[in-house]
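Me: I have a new model open and want to go through its strands, core and rings. Can you take my questions as they come?

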Amino acid sequence: MTRFPVALVPVSCSRAEDNATPVATPSVMLTTQTAAIGSPIEMRYRFAIAADAPSFSGDYWVFVHFLDTDGELMWTDDHQPPTPVREWTAGSTVEYTRTMFIPKFPYVGQTRVEIGLFSPTTGERLPLAGDTRGQRSYAVANFEMRLESDN
């Protein structure tokens, strides 16, 4: 029997610290804390732009990720905000509402909503203030997803 040496390497799962200055603080308010598959849910987005935020150049979109309890991505609702990011100004607040329908997805349970700002051409993500989940993605809301029959 031939034996091979095995090297044990410690694995680290730490997130790299993002020390970039946040350009805005995002938040999302949902019209409900429970939503059935296939039903509409209204989402009110709010971005409080930092007083010292630089001028925004280029087009940035809002990415919206819906994750299950294991942190797995279920679906997205990426969109361009009604007021383009390049028009946002330091110290201002941008608010808007979007209605989306919960897609037919084989899952029921707690759903986490994460958002951020990204360039659709370069993929660059802007630093924001809030509950960071890494890679400049920020947890902003939770809701309970239910069966379609609960609609």
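Reply: What follows is a run through the sheet pairing, the core and the aromatic rings. Keep in mind that this is a predicted model.

Me: Start with the open sheet. What is the strand order?

Reply: The order is 1-3-6, three strands with antiparallel pairing.

Me: Which strands stand at the edges?

Reply: Strand 1 (24-30) and strand 6 (93-101). Each has a single partner strand, so one side of each is left without a neighbour in the sheet. From one strand to the next, the twist averages 20°.

Me: How many bridges join strand 3 to strand 6?

Reply: Nine, with strand 3 covering residues 40-49 and the two strands running antiparallel. If you want a position to look at, E42 stands opposite T99 in strand 6.

Me: Now strand 9. What does it pair with?

Reply: Strand 2 (residues 34-36) pairs with strand 9 in the parallel sense, over three bridges. Strand 7 pairs with strand 9 in the antiparallel sense, over seven bridges. Strand 8 (residues 131-132) is also antiparallel to strand 9, with two bridges.

Me: Give me some residue partners in strand 9.

Reply: From strand 2, T34 has E144 as its bridge partner. V113 is matched with A141, and I115 with Y138. T132 also stands opposite Y138.

Me: What about the hairpin of strand 8 and strand 9, how many residues are between the strands?

Reply: Five. In that hairpin G134 takes a positive phi near 95°.

Me: Back to strand 7. Is it largely enclosed or open, and why?

Reply: Largely enclosed by the rest of the structure, because eight of its 10 residues are buried. Besides its pairing with strand 9, strand 7 is joined to strand 4 by seven bridges, running antiparallel. One of the matched positions there is L67 with R112 in strand 7.

Me: Different topic. How many residues are in the largest nonpolar core?

Reply: There are 37. M43, F47, V113 and F143 have the most contacts inside it.

Me: Which strands supply at least two residues of this core?

Reply: Strand 1, strand 3, strand 4, strand 5 (73-76), strand 6, strand 7 and strand 9.

Me: Take F47. What does it touch?

Reply: Leaving out residues up to four places away in sequence, F47 touches T25, P26, V62, W88, S92, T93, V94, Y96, I115 and L117.

Me: P26 is on that list. Where does it lie, and is it buried or exposed?

Reply: P26 lies in strand 1. With a relative accessible area of 9%, it is buried. Its contacts, with residues up to four places away in sequence again left out, are R46, F47, I115, L128, A129, Y138 and V140.

Me: How far is P26 from I115?

Reply: Their C-alpha atoms are separated by 7.8 Å, and the two residues are 89 apart along the chain.

Me: Now the rings. How many aromatic pairs are there?

Reply: Seven. One of them is F63 with F118, a tilted pair at 6.2 Å centre to centre and 55° between the planes. The F63–F118 pair links distant parts of the chain: F63 sits in strand 4 (residues 61-67) and F118 in strand 7 (residues 109-118), 55 residues apart. F63 and F118 are both buried.

Me: And F66 with F143, what kind of pair is that?

Reply: Edge-to-face, because the planes are at 70°, and an angle over 60 degrees counts as that type. The centres are 6.4 Å apart. F66 is in strand 4 and F143 in strand 9 (residues 138-146), with their positions 77 residues apart in the chain, so to speak of distant parts is fair. Both F66 and F143 are buried.

Me: Which residues form a cluster with those two?

Reply: W75 and F105; together with F66 and F143 they form one aromatic cluster.

Me: Last one. What lies over the face of F63?

Reply: R125, at 4.1 Å from the ring centre.

Note on methods
Residues numbered from 1 in each chain as written. Predicted model: local features only at pLDDT ≥ 70, side-chain atom pairs only at ≥ 80, totals over all residues. Heavy atoms only, no water. Phe/Tyr/Trp six-rings, centres within 6.5 Å; stacked < 30°, edge-to-face > 60°. Helix = DSSP H or I, 4+ residues; strand = E, 2+ residues; numbered from the N terminus. Buried < 20%, exposed > 50% of the residue type's maximum accessible area, 1.4 Å probe, protein only. Lys NZ or Arg CZ within 6 Å of the ring centre and 35° of its normal. Pairing = 2+ DSSP bridges. Axes fitted to C-alpha atoms, helices over the stretch in contact; angles between N-to-C directions. Core = buried A, V, L, I, M, F, W, Y, C linked by side-chain atoms within 4.5 Å. Contact = heavy atoms within 4.5 Å.
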